[in-house]
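Trainee: Got a minute to go through this structure with me? I'd like to get a feel for how the fold is put together.

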Amino acid sequence: MKRKLTLKLIAKELDVSISTVSKALRDSAEISEDTRQKIKAFAKLYNYKPNNIALSLKNRKTRTIGIIIPQIVHHFFTTVIRGIEQMAREHNYNVIITLSNNDFDKEVLNMELLANGSTDGFIISLAKETLQKDDFRHLTEAIDQGMPVVMFDRIVDEIPCDKVMIDDREGAKMGVRHLLKTGCRKIAIITTEDYVTVGKLRTKGYVEALESFGVKVNKDLILRLDNIDHCENECTAKIKHFLKGKDIDGIFTVNELFAVSAAKFLTEQGKKVPDDVSIVSFSDGELSKHFIPTLTTVSQHGELMGRKAAELLINKLERPEDEIEEYTTAYIDTTLIERDSTNKIKK
């Protein structure tokens, strides 16, 4: 199949920067007449048609960052936004926040709207449906047209852009090992389907932690939930069904909503947390701090993640035009926060 012509390809063929190509196609006076004519002639020869994202590159002077997140209900995403806003404010940038509601079409629409002259670049955590569809053309098109993109939390390895993430596998191992050190051996996990990368990696960490303690993995103690947007309804019902009659002494969950649902059901069944069943979850949010008992969690440090994502994007926006394009994957360390949902570590 014939490769689609992009600003990036034109720049490579003519040995100029993407910004130079964009400005030349818009008749910017910053570009010499000879260079403009050469670029426009090349684009015409190969029938280049700019899209909305290409048209948005207006000298990168909006000083506005676009943020696209899957949902706002999780405390984690609010802390990431706070970190982005802090870093943006320190560098005199504004932010526009949009929600995909885990919907692929909404995510694409948000990108198109924000790219049409409103923002200079994107910070994005992918929608659940985008990961399911395995369709990332809207991202690759943005990048090919010279729009800087930084992905965080839910990422795709194949996309050439800066990324900010935690080591989800190691974070899960830390949480499950804590349960094992307190004496738990029959540990269940409530996670997501594997198409959600963070859930897949956290499940892997759970398995590796058990194996490191010589505990055999029991597939009957693994619950993978798909409809993660409606935990109070479908997910809660599935969690109750999963836990009913289970002989367990520990639960690890990939988010605090799952943990709260599990703890409530255990209480309804007359079991005590942590005396009968200990619980550790990812995401150190307000629920974890104020639920009774308070939850032991693996903190993702969302604010630091947001600051780092904004820093990477701003660095891209302010780099010299002739600088070689390089991409960074930054990792934020996780921390175990011990609270009342787990017993003390056995000596």
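Here is a short back-and-forth about this predicted model.

Trainee: In which order do the six strands of the open sheet run?
Mentor: The pairing in this sheet is mixed. Each of the two edge strands, β7 (222-225) and β12 (335-337), pairs on one side only. Put the six strands in a row and you get β7-β6-β8-β9-β10-β12.

Trainee: In which sense do β9 and β10 pair, parallel or antiparallel?
Mentor: Strands of a sheet can pair either way through backbone hydrogen bonds. Here β9 covers residues 278-282 and β10 covers 296-299, with three bridges joining them. Phe 282 stands opposite Val 298 in β10. The sense of the β9 and β10 pairing is parallel.

Trainee: Which strands does helix α12 lie across?
Mentor: Helix α12 takes in residues 256-268, and it runs at about 160° to β9. Helix α10 (residues 197-212) also packs on the sheet, at about 165° to the direction of β6. As for α12, the strands it lies across are β6, β7, β8 and β9.

Trainee: What share of the residues counts as buried?
Mentor: The cut-off for buried is under 20% relative accessible area. The chain still exposes about 16600 Å², with carbon and sulfur atoms supplying 48% of that. Of the 347 residues, the buried share is 54%.

Trainee: How far apart do the centres of the positive and negative side chains lie?
Mentor: Count up the charges and you find 52 positive and 53 negative side chains. The centres of those two sets lie apart by 2 Å.

Technical notes. Residues numbered from 1 in each chain as written. Predicted model: local features only at pLDDT ≥ 70, side-chain atom pairs only at ≥ 80, totals over all residues. Heavy atoms only, no water. Pairing = 2+ DSSP bridges. Helix = DSSP H or I, 4+ residues; strand = E, 2+ residues; numbered from the N terminus. Contact = heavy atoms within 4.5 Å. Axes fitted to C-alpha atoms, helices over the stretch in contact; angles between N-to-C directions. Buried < 20%, exposed > 50% of the residue type's maximum accessible area, 1.4 Å probe, protein only. Areas by Shrake-Rupley, 256 points an atom, 1.4 Å probe, with all protein chains shown as cover. Lys, Arg positive; Asp, Glu negative; His and termini not counted. Charge placed at Lys NZ, Arg CZ, Asp CG, Glu CD.
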